[in-house]
Amino acid sequence: MATVVEVEGLAYRYPEGGVAVDGFSFAVAEGERVVLLGANGSGKTTLLKLLNGLLFAGDGTYRYAGEVVDRHRLRGADFRRRFRSEVGLLFQDPEAMLFNPTVFDELAFGPRQLGLADVEQRVVRWARAAGVEPLLDRPPVRLSGGEKKRVALAALLVLEPRLLLLDEPTAGLDPRSTGWLIDLLQGLEATVITTTHNLSLASELGERTLLVGEDHRLLADGPLEPLLADHDRLLAANLLHTHRHRHDGEVHRHYHLHDWD
Ligand SMILES: Nc1ncnc2c1ncn2[C@@H]1O[C@H](COP(=O)(O)OP(=O)(O)OP(=O)(O)O)[C@@H](O)[C@H]1O
Ligand SMILES: [Mg+2]
């Protein structure tokens, strides 16, 4: 199985801030669905931006399909074109991705940029898959939050990416849209890395979990099930909160899953 993503000692520090990603090492094989689980501020968005070539690591290396991705490499027109057409990032705030006059143009933008021949068929196919076909003539900026998310995702899917990076795709979606998204992701051939801080959705979004700690380091890498029983680790990642209460004169400790979406 081909390796799509390989990072070694990857680290990033914002110029005006502190360390956001501290020494991540992991590899993702073709077709894997990985969930990046971590509390607010742990570094999930930063990692996805590194994997999408929007930010470049201060330390360590990132290989996409065996090729080192850095500022220099992305200046090469051939590699840049291939990388940009194969890797798609759904922003945490999809509004940042929508700038075309209609939903149709939004979906057609990438294929037109890349000079693909079958633009209209692609747009209709993926608009249908994303349930936004009735919105094709509407201005994207005047859609609801959930609709914007579907449009932004469809605008990535039209390029049939090999690596899909999804930043909190379920945040702000109602239960029906969440179910639709999970079904859609299960039907894709792409390698998918999805961030969430929602423990109860993590198992639906992928089979493998990378747990990011509040210290911006990788705390765990593996199936979710054993992690759910590892309260110490989840507490360290600030994904559980505990409170004590008194019952029959005894103090009990309760664990709760954070469930913000
Ligand atoms: N543009 C920026 N400039 C400076 N520091 C930043 C910037 N963006 C993020 N940070 C800092 O980097 C760290 C990681 O942020 P990041 O956005 O990657 O976290 P996250 O895990 O995606 O959080 P959330 O769950 O809230 O989306 C945080 O400490 C944050 O304050
Ligand atoms: Mg984030």
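Biologist: What amount of space lies in the second largest pocket?

Modeller: About 170 Å³. Keep in mind that this is a predicted model.

Biologist: What makes Trp126 a lining residue of the second largest pocket?

Modeller: A lining residue needs an atom within 4 Å of a pocket point. Trp126 is listed in that lining, so it passes the cut-off. Arg125, Leu157, Glu160 and Pro161 are also among the lining residues.

Biologist: Which classes make up the lining of the second largest pocket?

Modeller: Six residues are nonpolar and three are charged. None is polar. Glu160 lines the pocket, and Glu counts as charged. Therefore Glu160 belongs to the charged group.

Biologist: Which domains supply the lining of the second largest pocket?

Modeller: Domain 1 (3-96 + 162-257) and domain 2 (98-160) each give at least three residues.

Biologist: Now the largest pocket. What is its volume?

Modeller: About 670 Å³. Its lining has 23 residues. Arg84, Phe109, Gly110, Leu156 and Leu159 lie nearest the centre.

Biologist: Why is Gly110 called polar, when Phe109 is called nonpolar?

Modeller: The class list decides. Phe is on the nonpolar list, while Gly is counted with the polar residues. Therefore the two lining residues Phe109 and Gly110 fall into separate classes. The whole lining holds 14 nonpolar, six polar and three charged residues.

Biologist: Which element gives the most to the lining of the largest pocket?

Modeller: Helix 4, with four residues. Helix 4 spans 103-113. Helix 3 (77-86), strand 6 (87-90) and helix 6 (145-157) each supply at least two. Domain 1 and domain 2 each provide at least three lining residues.

Biologist: On to ligand 1. Why does Lys44 make a polar contact with ligand 1?

Modeller: A polar side-chain atom of Lys44 lies 2.7 Å from an oxygen atom of ligand 1. The limit for N or O pairs is 3.5 Å, so this pair qualifies.

Biologist: What makes the pair from Glu16 and ligand 1 a polar contact?

Modeller: Here the partner in ligand 1 is a nitrogen atom, and the distance is 3.3 Å. That is within 3.5 Å, so the pair counts. For Thr45, a side-chain N or O atom is 2.8 Å from an oxygen atom of ligand 1. The protein covers 66% of the 640 Å² of accessible area that ligand 1 has on its own.

Biologist: How many residues surround ligand 1?

Modeller: 13, with Gly41, Lys44, Thr45, Thr46 and Gln92 the closest. Helix 1 (residues 44-51) gives the largest share, three residues. By class, the shell has three nonpolar, seven polar and three charged residues.

Conventions: Residues numbered from 1 in each chain as written. Chains lettered and ligands numbered in written order. Predicted model: local features only at pLDDT ≥ 70, side-chain atom pairs only at ≥ 80, totals over all residues. Heavy atoms only, no water. 1 Å grid on protein atoms, 1.4 Å probe; cavity = no way out; pocket = protein on both sides within 12 Å on 5 of 7 lines; lining within 4 Å. Points joined across faces, edges and corners; volume = space filled by probe spheres on them. Domains from an automatic or database assignment. Near = heavy atom within 4 Å. Polar contact = N/O pair within 3.5 Å; in protein donor to acceptor, adjacent residues only side chain to side chain. Areas by Shrake-Rupley, 256 points an atom, 1.4 Å probe, with all protein chains shown as cover.
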